[in-house]
Amino acid sequence: MSCSKFLLISIDCWRSDALSRTNPSLLTPKFDVLTKGYAFAEKFFVTAPATRPSHTSLFTGLYPFEHGLFGQTYLKMFSGVTNLLQTFADAGFEVSGRSQRPEVFRFLDFEPFIGPLDPAVQDQTLASIEPTLQMLEGAAVAPQLRFLHFWYTHGGYGLAGMNMKPGLRELVDAGREQEALRYYYAAATHVQEFLLVEILKRIDLTEWTVFIFGDHGEGFNSEIMSHGDLIHEKVARVPLLAHIPHEGWALPARTLSMIDLFPTICELAGVDTDYRGYGRSLLQAGDEERWALTELDSLFGVGFLHKGNLETEHRRVTSRLSIDGSQLPDNPQGVRQWSLTDGQEFFRQDERAGEHVLRDVMSGAPLDCADPAAYARIYRDLVEGSAYGGLGEQGETTEEKQVLEQRLKDLGYL
Ligand SMILES: [Zn+2]
């Protein structure tokens with residue numbers, strides 16, 4: 001039986017301890033009632049600790065090394081990648097996205113589908129969700145795919161314009177992590193208990209498939225304050241609340257990844273895309289061992305998300321890393337890392353520093369790592385076994401070719 005109504009809700013920076021199911025100190029009684037029947041995934045991981053590559057994996061079912069957004073500052077995807085929003089629009093669905101930060105999706109293939117949460121206001125922090133409610137009610141019959149993206153939980157957490165002393169980073173540095181987290185939890189509570197509640201009230205769960213998830217978590221500890229700094233278990237693991245209107249459906253017990261949502265939605269809708277990625281539909285049961293990959297590349301384009309850059313005309317983006325034929329500047333503090341997790345262990349490799357860590361992914365407790373090469377082999381098998389390897393040959397500039405070459409060297413190919 002196919003499903004024809006899909007709602008994807010992305011809460012930016014939503015960490016696995018920022019909902020009442022894992023943290024009863026978050027007071028979201030209305031949200032809890034409305035999502036009571038939703039399945040909750042405890043082992044759900046993002047593909048990147050950054051908004052752009054993570055959402056690109058959501059919409060393509062591919063890892064960053066496959067879709068081309070290696071990191072937040074990469075300008076474009078590889079060409080020829082199938083994305084969910086375009087595919088569903090072509091298949092006759094009404095497709096639209098609303099975001100509190102729509103310009104963050106600039107230059108990505110699915111950008112044309114995503115507008116502001118509230119077109120009437122300048123500052124999306126002040127957005128009304130009424131236009132979203134009208135959108136959901138106005139298209140009651142047609143098959144539809146809707147995407148919502150809440151930015152209020154992102155760094156800043158609604159504190160802009162307030163003179164906070166000490167600031168959140170200072171609190172964390174002083175060992176007052178729990179105090180700093182209160183502001184973040186308040187932002188997460190606001191999104192769930194006020195904004196989402198009004199939307200979820202209007203969703204008929206006999207018809208709709210709904211996924212509510214984080215695009216990455218957040219740091220708030222001495223090792224990492226902001227999600228994009230490095231790959232950390234607190235940014236790689238995020239909540240996923242899932243509702244599929246199929247009698248008897250249960251969330252698989254295996255480790256899950258953001259790339260699983262694409263094949264799930266396509267299967268539910270009966271839309272065939274010839275998908276050959278590593279994502280596995282959530283309709284398929286199974287608790288077999290599985291490694292989820294997360295990638296970070298911040299080697300280029302310091303401060304890319306400035307307004308001026310995001311307003312650049314499309315034609316001026318001449319390659320994945322160039323504007324007007326000029327390479328984005330190197331980021332001296334940039335890192336390239338990957339991590340693997342099976343839902344128990346978390347292994348992170350820093351490709352430039354040649355350093356690795358092994359931890360318990362739930363507690364962060366360090367583990368003895370007897371054989372780091374074993375994880376490198378799993379990573380290498382993923383890269384080598386990808387059905388989308390050919391796209392990686394699209395390195396348009398010399399510098400991009402060097403980046404890809406360095407990657408292969410790090411993997412021990414060259
Ligand atoms: Zn994000």
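**Phe110 and the four-stranded sheet**

In this predicted model, Phe110 makes contact with a set of residues more than four places away in sequence: His55, Thr56, Phe59, Met77, Asn83, Leu85 and Phe105. As for where Phe110 sits, it belongs to the loop that links β4 (94–99) with β5 (114–116). Loop residue or not, Phe110 has a relative accessibility of 0%, and because anything under 20% is classed as buried, Phe110 counts as buried. One spacing helps to place Phe110 relative to Ser96: the two lie 14 residues apart along the sequence, and their C-alpha atoms are 10.0 Å apart in space.

Further along the chain comes a sheet. Four strands make up this open sheet, in the order β10-β14-β15-β16, and the pairing is antiparallel. At the edges are β10 (292–297) and β16 (355–360), each of which pairs on one side only. Going from one strand to the next, the twist averages 15 degrees.

Now for the pairing of β10 with β14. Strand β14 covers residues 336–341, and six bridges join it to β10, with the two running antiparallel. Within this pairing, Thr294 stands opposite Ser339 of β14. A helix also packs on the sheet: α11, residues 372–385, touches β10, β14, β15 (345–350) and β16. As for its orientation, the direction of α11 makes about 100 degrees with that of β14.

Definitions and conventions. Residues are numbered from 1 along each chain as its sequence is written. This is a predicted model: local features need pLDDT of at least 70, side-chain atom pairs count only at pLDDT 80 or more; totals for chains, interfaces and linings use all residues. Side-chain values use heavy atoms; hydrogens and water are left out. Buried means under 20% relative accessible area, exposed over 50%, partly exposed in between (1.4 Å probe, protein chains only). Contact means heavy atoms within 4.5 Å. Two strands pair if DSSP finds at least two bridges between them. Axes are lines fitted to C-alpha atoms, for helices over the stretch in contact, and angles run from 0 to 180 degrees between N-to-C directions.
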